[in-house]
Amino acid sequence: MIRKYLCFRFLFIPLHLLIDSRNCYENTVQDRTLYEDAYIFAPNLHAMGLMNTRDYETYLSLFELMNSFIKPPDLLLYLKASVPTLVNQIAKRGREYENSIRLDYITSLNERYNDWIDSYN
């Protein structure tokens, strides 16, 4: 139940930030987008069995609805890195809670990011 709540909450937080920033500023720079949650993290959780199919489909439906109300970014920068580089950067940060991140999880996310950016228009 907590994972479901967090996953849906992560969908709404970037939307609120995007709407707030566009209402206040002409130009906005974001370090995360709605797309990452819907096209990378949610499918990864579903594939890992941490989100059931019903919740995943509901999540994607909400994303599509929310996405229909926002304008896509004018520019998207993607910083590509190899899995060893990502692991090294995570270790450098020294965040204790990140010590338990599994290599297969990082690899899967990295593959999903690469697939997504390759297909992004």
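## Salt bridges

A salt bridge here is a side-chain nitrogen of Lys or Arg within 4 Å of a carboxyl oxygen of Asp or Glu. With that cut-off, searching the whole structure, which is a predicted model, turns up four salt bridges. As a reminder, side chains of opposite charge can pair when their charged atoms come close.

One of these links Arg54 to Asp55, with 3.3 Å between the closest N and O atoms. The two partners sit in contrasting surroundings: Arg54 counts as exposed because its relative accessibility is 58%, while Asp55 has 7% and so counts as buried.

Glu98 turns up in two of the pairings we can look at here. Its side chain meets that of Arg93 at 2.9 Å, N to O, and it also pairs with Arg95, where the closest N and O atoms are 3.4 Å apart. Glu98 is buried, at 9% relative accessibility. Arg93 comes in at 43%, so it counts as partly exposed, and Arg95, at 37%, is partly exposed too. Since they share partners, these salt bridges tie Arg93, Arg95 and Glu98 into one network.

## Overall layout and confidence

Zooming out, the protein chain has five helices and zero strands, so from the N terminus the elements simply read α-α-α-α-α. The chain has 121 residues, 31% of which count as buried. About 8900 Å² of the chain is exposed, and carbon and sulfur atoms supply 56% of that area. Among contacts with a separation of 6 or more, 72% are between residues 24 or more positions apart.

How far does the predictor trust all this? The mean pLDDT of the chain is 82, and 78% of its residues reach 70 or more. Confidence is highest in helix 4 (residues 83–93), at a mean of 96, and lowest in helix 1 (residues 2–24), at 55. Over residues 1–6 pLDDT stays under 50, and for that stretch the model has four contacts beyond four places in sequence.

## Helix 2

Helix 2 covers residues 34–47, and its length checks out: at 1.5 Å a residue, its 14 residues should span 20 Å, and the end C-alpha atoms are 19 Å apart, which agrees. There is a kink along the way, though. The helix bends by about 30° at Phe41, and a proline, Pro43, follows within four residues. After the helix comes Gly49, with a positive phi near 80°.

This helix is mostly covered, with 10 of its 14 residues buried. The buried set includes the hydrophobic-sounding names you might look for, such as Leu34, Ile40 and Leu45, but also Glu36, Asp37 and Asn44. Tyr35, Ala38, Ala42 and Pro43 are buried as well.

## Helix 5 and Trp116

Helix 5 (residues 103–119) is home to Trp116. The helix passes the same kind of length check: its 17 residues should span 24 Å at 1.5 Å a residue, and the end C-alpha atoms lie 25 Å apart, which agrees. Its buried residues are Ile106, Ser108, Leu109, Asn110, Tyr113, Asn114, Trp116 and Ile117. They pack against helix 2 and helix 4.

What does Trp116 touch, leaving aside its neighbours within four places in sequence? Its contacts are Tyr35, Tyr39, Ile40 and Leu76. Trp116 and Tyr35 are 81 residues apart along the chain, yet their C-alpha atoms are separated by 9.1 Å. With a relative accessibility of 9%, Trp116 counts as buried.

## Leu76 in the loop

Leu76, one of the Trp116 contacts, sits in the loop between helix 3 (53–67) and helix 4. Is this residue buried or exposed? Neither, quite: its relative accessible area is 26%, so Leu76 is partly exposed.

Apart from neighbours within four places in sequence, Leu76 is in contact with Thr33, Trp116, Ile117 and Tyr120. Two of those names, Trp116 and Ile117, also appear among the buried residues of helix 5. On the other side of the sequence, Thr33 is 43 residues away along the chain, and its C-alpha atom is separated from that of Leu76 by 9.7 Å.

Conventions:
Residues numbered from 1 in each chain as written. Heavy atoms only, no water. Buried < 20%, exposed > 50% of the residue type's maximum accessible area, 1.4 Å probe, protein only. Helix = DSSP H or I, 4+ residues; strand = E, 2+ residues; numbered from the N terminus. Contact = heavy atoms within 4.5 Å. pLDDT = per-residue confidence, 0-100. Expected span 1.5 Å × (residues − 1). Bend = angle between axes of the 7 residues up to and from the residue. Areas by Shrake-Rupley, 256 points an atom, 1.4 Å probe, with all protein chains shown as cover.
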